[in-house]
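Me: I'm new to this one. Could you walk me through how to read it, feature by feature?

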Amino acid sequence: MSVTTQDPASASAPSRRTGNGAPLLRLKDVQKVFTTEEVETHALSGIHLEVRRGEYLSIEGPSGCGKSTLLSILGLLDSPTAGEYWLDGKTVQNLTFSERARIRNRQIGFIFQSFNLIGDLTVAENVELPLTYREMAASERKQRVSDALERVRMAHRAKHLPGQLSGGQQQRVAVARALAGDPLILLADEPTVMDLLRDLHAQGSTICMVTHDPRFARYAERTIHLFDGRVVEERGK
Ligand SMILES: Nc1ncnc2c1ncn2[C@@H]1O[C@H](COP(=O)(O)OP(=O)(O)O)[C@@H](O)[C@H]1O
Ligand SMILES: [Mg+2]
């Protein structure tokens, strides 16, 4: 097992926004095997991937090819069975549960396929929730919530409950919740708010999305195709 702590591609610690040219995300030969009593499923079989700061990457492939598994690993929601992952130049293999949670909270903006909004919290409360786990003054939290809701054009629904919104509006709120934390990267599982993501990328966000829909993949700068847990094709714009 490797004990590398620094991505060999990075010479020194990168600054948060500009970095030093090292990839923001880097996967080396990542494998993921799900094992149950009856079957072993090889969800990912040797993924090599780099995502640079400011990039908009789409991972396209059919249902069951490993997209959500890959995104969960990138978002530190799950761990690879084998292989290495560097986030912002640092390996994330040997982190404790709470260190992973802290990185998720501060550096990763995850937009879930099912949005994961809490039904009895208002839109504003949903967006604020991840910020309450940080040491942050209430005034700054409120400012970040209103800025994030402005950016996704949902400020006029701040006091609504998620169930009172359309699916597209709920996804916008999920994007606002991800943005409020000022993450290094936005990870989006099968998003449909493509114009919004394009605007955020134009404003500087690094985005990695997965999709089964080639029409959506075209919004990105670079697309990789996943099939049966492997990268089978890469295309730049
Ligand atoms: N928790 C799990 N346990 C067992 N198998 C899983 C689990 N999660 C995903 N899989 C399997 O891994 C493969 C990839 O799944 P997934 O990443 O969800 O694909 P996609 O998002 O591309 O539809 C599928 O065969 C799926 O059934
Ligand atoms: Mg999926």
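Reply: Sure, we'll take a sheet, a helix, a loop residue and a ligand site in turn. Keep in mind that this is a predicted model.

Me: Let's start with the sheet. In what order do the strands of the open sheet come?

Reply: Reading a sheet means listing its strands by who sits beside whom. Here six strands make an open sheet in the order β6-β7-β8-β3-β9-β10, with mixed pairing. β6 and β10 (230–236) are the edges: each has a single partner strand, so one side of each has no neighbour in the sheet. Neighbouring strands are turned by 15° against each other on average, ignoring direction.

Me: Which sense do β3 and β8 pair in?

Reply: Parallel: β3 (residues 56–60) and β8 (residues 207–211) are joined over five bridges. To see one partnership, find Ile-59, whose bridge partner in β8 is Val-210.

Me: What packs on the sheet and touches β6 and β7?

Reply: That's α5, whose direction makes about 170° with that of β6. There's also α6, which lies across β3, β7 and β8 and runs at about 155° to β8.

Me: How many residues does helix α5 have, and how far does it reach?

Reply: A helix can be checked by comparing its reach with the expected span. Helix α5 (residues 167–180) has 14 residues and reaches 20 Å from first C-alpha to last, close to the 20 Å expected.

Me: Is α5 mostly covered or mostly open?

Reply: In general, an α-helix has 3.6 residues a turn, so residues three or four places apart point the same way. As for α5, it is mostly covered, with 11 of its 14 residues buried. Among them are Val-173, Val-175 and Leu-179. The buried residues pack against β6 (108–111), α3 (123–128), α4 (138–151), β7 (185–189) and α6 (194–202). Just past the helix, Asp-182 has a positive phi of about 55°.

Me: Why does Glu-221 count as partly exposed?

Reply: For burial, you count neighbours. Glu-221 has 14 C-beta neighbours inside 10 Å, so it counts as partly exposed; buried would take 20 or more. You'll find Glu-221 in the loop between α7 (214–217) and β9 (222–227).

Me: Last one: which residues surround ligand 1?

Reply: For a ligand, look at the shell around it. Ligand 1 is surrounded by residues including Phe-34, Thr-41, Ala-43, Lys-67, Ser-68 and Thr-69. Two elements, β2 (40–51) and α1 (67–74), give two or more residues to that shell, and the largest share, three residues, comes from α1. By class, the shell has three nonpolar, seven polar and one charged residues.

Key:
Residues numbered from 1 in each chain as written. Chains lettered and ligands numbered in written order. Predicted model: local features only at pLDDT ≥ 70, side-chain atom pairs only at ≥ 80, totals over all residues. Helix = DSSP H or I, 4+ residues; strand = E, 2+ residues; numbered from the N terminus. Expected span 1.5 Å × (residues − 1). Buried ≥ 20, exposed ≤ 12 C-beta atoms within 10 Å, placed from the backbone. Contact = placed C-beta atoms within 7 Å. Pairing = 2+ DSSP bridges. Axes fitted to C-alpha atoms, helices over the stretch in contact; angles between N-to-C directions. Near = placed C-beta within 6 Å. Nonpolar A, V, L, I, M, F, W, Y, C, P; charged D, E, K, R; others polar.
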